[in-house]
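The following note was prepared for a colleague who wishes to examine the chains, their domains and a few individual residues. The points are numbered for ease of reference.

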Amino acid sequence: MHSRLKRKWLVLSLAYLLAAAITLAGCSGGTSGTNGDELSGSIKIIGSNTVTPLTSVWAEEFMKMHPGARISVSGPGSGVGIAALIDGTTDIGQASRKMKAKEIEQAEANGVYPYEIQVATDALSVVVHPDNPVSELTIAQLSAIYTNRITNWKDVGGNDAPIVALSRDTNSGTHVFFKEHIVQMKGLPTEDKSLEYGSKVLLLPSTQEGASEVARNPNAIFYPGLGYVTEAVKPLGIKKTAKDEAVLPSVETALDGTYPVARPLLYYTDGEPNGVIKAFIDYSLSAEGQQKVTEVGYVPLK
Amino acid sequence: MEGSIATIMKGSVSATIAEDLEKSLRRRWRLGEKFIEGWILLAGLLAIVVLLGIVTLLLKEGLPIFFHTPPWEFFFGTKWYPVSDPPTFGIMPFFISTLMITAVATAIAVPVGIGCAAYLAELAPAKVRETVKPIIEMLAGIPSVMMGLIGLMLLSPLVQSLFNLPTGLTGLTAGIMLSLMSLPIIVSVSEDALRAVPDEFREASYALGATKWETIRHVCIPAAISGIAAAVMLGVGRAIGETMTVLMIAGGALAVPHSPTEPMMSMTAAIASGIGNAVRGGLQYQALFAIGLILFVMTLAVNLIADRVLARQKRKFAR
């Protein structure tokens with residue numbers, strides 16, 4: 001009996017060890033080499049859904065030029081990229097909004113010092129179904145739509161039909177940028193920091209899903225990056241106030257500053273980048289890299 | 001060895017060899033038996049260790065949120081703004097959404113599933129059953145992201161035009177899709193339960209002059225009720241826990257829904273769509289783990305209630 005009891009304990013501790021080993025294995029890992037001699041090594045890039053199409057093109061070109069380099073890109077949202085940078089599980093965090101002071105604090109508490117690089121500019125476009133007669137809105141009207149104070153298209157000069165306001169989920173930098181600059185009307189006399197998205201706004205897991213719902217549903221309105229504007233949807237002209245001219249989103253209007261909701265697309269690294277990461281960022285900022293920005297549909301830096 | 005020497009001394013050599021062989025075989029068999037026993041014990045313990053680990057993790061990561069938001073505000077609050085400053089966490093909309101979507105899925109899947117199982121077990125010719133059942137079970141193998149895609153492309157436009165809604169991304173759409181996903185489990189498990197009912201029951205029923213429908217309704221289904229209830233619980237469990245499909249097609253609005261035809265966000269979708277940007281140990285992270293904890297308690301409650309119902313049914317049937 002005694003030996004049996006002993007064996008039971010042995011087995012039990014074995015099981016526990018196994019569980020502990022699995023847990024530990026899950027916790028460690030997730031870092032990648034940054035020591036690049038002769039430009040080889042791997043870079044992990046995670047973050048904004050908006051920046052992802054651009055980063056993917058750069059990564060592809062860069063890997064063609066330097067076969068030793070391995071770059072992985074994923075785009076669940078700016079918030080995810082920033083969280084990953086704070087937790088030290090990514091080399092570059094891509095974002096379509098600036099890091100908040102609180103996030104920088106959290107990062108520094110974790111021994112991570114965020115270094116910000118602007119790689120391009122985006123004109124945040126507001127799109128509707130091509131059959132929708134509405135072709136321009138003021139920022140105040142957009143704010144009213146996204147706070148559910150206006151719920152019918154006829155109140156903004158359209159058909160008598162309900163408005164289905166689509167948004168990205170809270171992972172998205174676009175979600176946060178749109179909230180600050182449109183919903184809360186940042187920089188306008190009517191700015192109100194207490195405004196939040198209305199509870200009837202649909203929060204979608206990806207930008208692509210929003211764009212395809214707009215292409216299908218005449219009631220819908222959504223705000224993707226300029227890179228997601230296609231033939232299937234109609235971009236709206238944005239008026240800063242009712243007195244201003246409506247401006248359509250485009251590379252030109254974003255560059256000359258007339259389009260009111262242009263925003264920076266950013267890379268964050270832990271400290272100043274070096275090695276293969278620096279080489280990749282240098283490439284993205286080069287004339288050749290910036291040429292790709294226009295091709296993808298965003299606005300180059302110069 | 002001593003034993004074998006003893007037997008040689010007693011006589012017959014061949015008997016000794018046979019006995020010797022048997023003994024060594026038994027020893028080896030006992031060793032193998034012990035090894036397997038230990039292995040099974042280890043597997044069983046591992047399951048318990050993992051379960052306890054999950055509960056501990058949920059409690060450790062989730063409970064601290066209640067220092068920030070008191071539990072009643074967390075449960076009954078209707079505002080969920082995790083990335084605002086200051087953030088507010090109220091999960092009532094998610095809770096109601098999960099209940100609504102699960103109710104829609106169950107309301108469709110249970111009658112259809114049990115009806116289908118009754119047909120397959122009691123009425124269908126063997127050939128039909130043997131072709132239809134594997135096909136239905138194949139439905140369970142479709143990845144949930146594919147179901148989401150199908151819901152997005154085919155079902156949501158249909159629901160929108162059928163019910164004349166502003167958008168097809170609603171709890172109803174998600175519920176219909178989920179009913180399709182829990183259907184194979186319900187059909188398969190209840191069909192097995194119905195087929196396990198002894199034929200004597202049916203024969204006795206027919207002998208008393210009952211029709212086929214009366215036999216199914218009053219004899220077969222009550223006799224198989226424990227298996228059918230288990231099937232329903234498995235189906236409900238699948239509907240509560242399903243994430244990807246709901247995330248894609250339920251719409252994701254934060255309002256407390258008043259009807260299934262409104263866009264809504266379930267508890268699972270709330271966790272999935274928020275965990276990515278939640279910094280480990282932050283308030284949002286804790287709040288999401290607390291939702292996970294509540295989800296865990298809910299499924300536990302469903303299982304306990306099912307156990308109770310089953311026990312009562314069994315007692316009633318035994319009388």
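1. Two residues are taken to be in contact if their C-beta atoms, placed from the backbone, lie within 7 Å. The model under discussion is a predicted one. On that criterion, 32 residues of chain B are in contact with 34 residues of chain A. On the side of chain B that touches chain A, the elements giving two or more residues are helix 2, helix 12 (244–249) and helix 13 (267–275) of chain B. Helix 2 of chain B gives the most, with 8 residues. By class, this side of chain B has 21 nonpolar, 10 polar and 1 charged residues.

2. The domain assignment of chain B gives domain 1 (2–67) and domain 2 (71–318). The centres of these two domains of chain B, taken over C-alpha atoms, are separated by 40 Å. Their contact involves 7 residues of domain 1 of chain B and 12 residues of domain 2 of chain B. Helix 2 (13–62) and helix 3 (65–68) of chain B are the elements that give two or more residues to the domain 1 side of this contact. Of these, helix 2 of chain B gives the most, with 4 residues. The residues on the domain 1 side comprise 5 nonpolar, 1 polar and 1 charged. Helix 2 of chain B thus gives the most to the domain 1 side of the contact within chain B, and also gives the most to the side of chain B that touches chain A.

3. Chain A contains 10 helices and 12 strands. Of its 302 residues, 45% are buried. Among contacts in chain A with a separation of 6 or more, 72% are between residues 24 or more positions apart.

4. Chain A is also divided by the domain assignment, into domain 1 (39–120 + 265–296) and domain 2 (127–260). Taken over C-alpha atoms, the centres of the two domains of chain A are 27 Å apart. The contact takes 14 residues from domain 1 of chain A and 12 residues from domain 2 of chain A. On the domain 1 side, helix 3 (78–87) and helix 10 (287–296) of chain A each supply at least two residues. Helix 3 of chain A gives the most to that side, with 3 residues. The domain 1 side has 5 nonpolar, 8 polar and 1 charged residues by class.

5. Which strands stand at the edges of the open sheet in chain A? The sheet is formed by 5 strands in the order 8-7-9-5-10, with mixed pairing. Strand 8 (202–204) and strand 10 (234–235) of chain A are at the edges; each has a single partner strand, so one side of each is left without a neighbour in the sheet. Strand 8 of chain A pairs with strand 7 (residues 164–168) of chain A in the parallel sense, over 3 bridges. In this pairing, A:Leu202 of strand 8 is the bridge partner of A:Leu166.

6. B:Gly251 merits inspection alongside the preceding point, as A:Leu202 is among the residues with which B:Gly251 is in contact. B:Gly251 lies in the loop between helix 12 and helix 13 of chain B. Is B:Gly251 buried or exposed? With 30 other C-beta atoms within 10 Å, B:Gly251 is buried, because 20 or more such atoms suffice for that class. Leaving aside neighbours within four places in sequence, the contacts of B:Gly251 within chain B are B:Thr167, B:Leu169, B:Thr170, B:Pro263 and B:Met264. B:Ser266 is 15 residues away from B:Gly251 in sequence, with a C-alpha to C-alpha distance of 9.7 Å.

7. Two asparagines may be checked for backbone geometry. A:Asn148 has a positive phi of about 65° although it is not a glycine. A:Asn148 is located in the loop between helix 5 (139–146) and strand 7 of chain A, and counts as partly exposed with 16 C-beta neighbours inside 10 Å. B:Asn164, likewise not a glycine, has a positive phi of about 55°. The loop that holds B:Asn164 runs between helix 7 (144–162) and helix 8 (171–195) of chain B. B:Asn164 has 7 C-beta neighbours inside 10 Å and therefore counts as exposed, a class that requires 12 or fewer.

How values were computed
Residues numbered from 1 in each chain as written. Chains lettered and ligands numbered in written order. Predicted model: local features only at pLDDT ≥ 70, side-chain atom pairs only at ≥ 80, totals over all residues. Domains from an automatic or database assignment. Nonpolar A, V, L, I, M, F, W, Y, C, P; charged D, E, K, R; others polar. Pairing = 2+ DSSP bridges.
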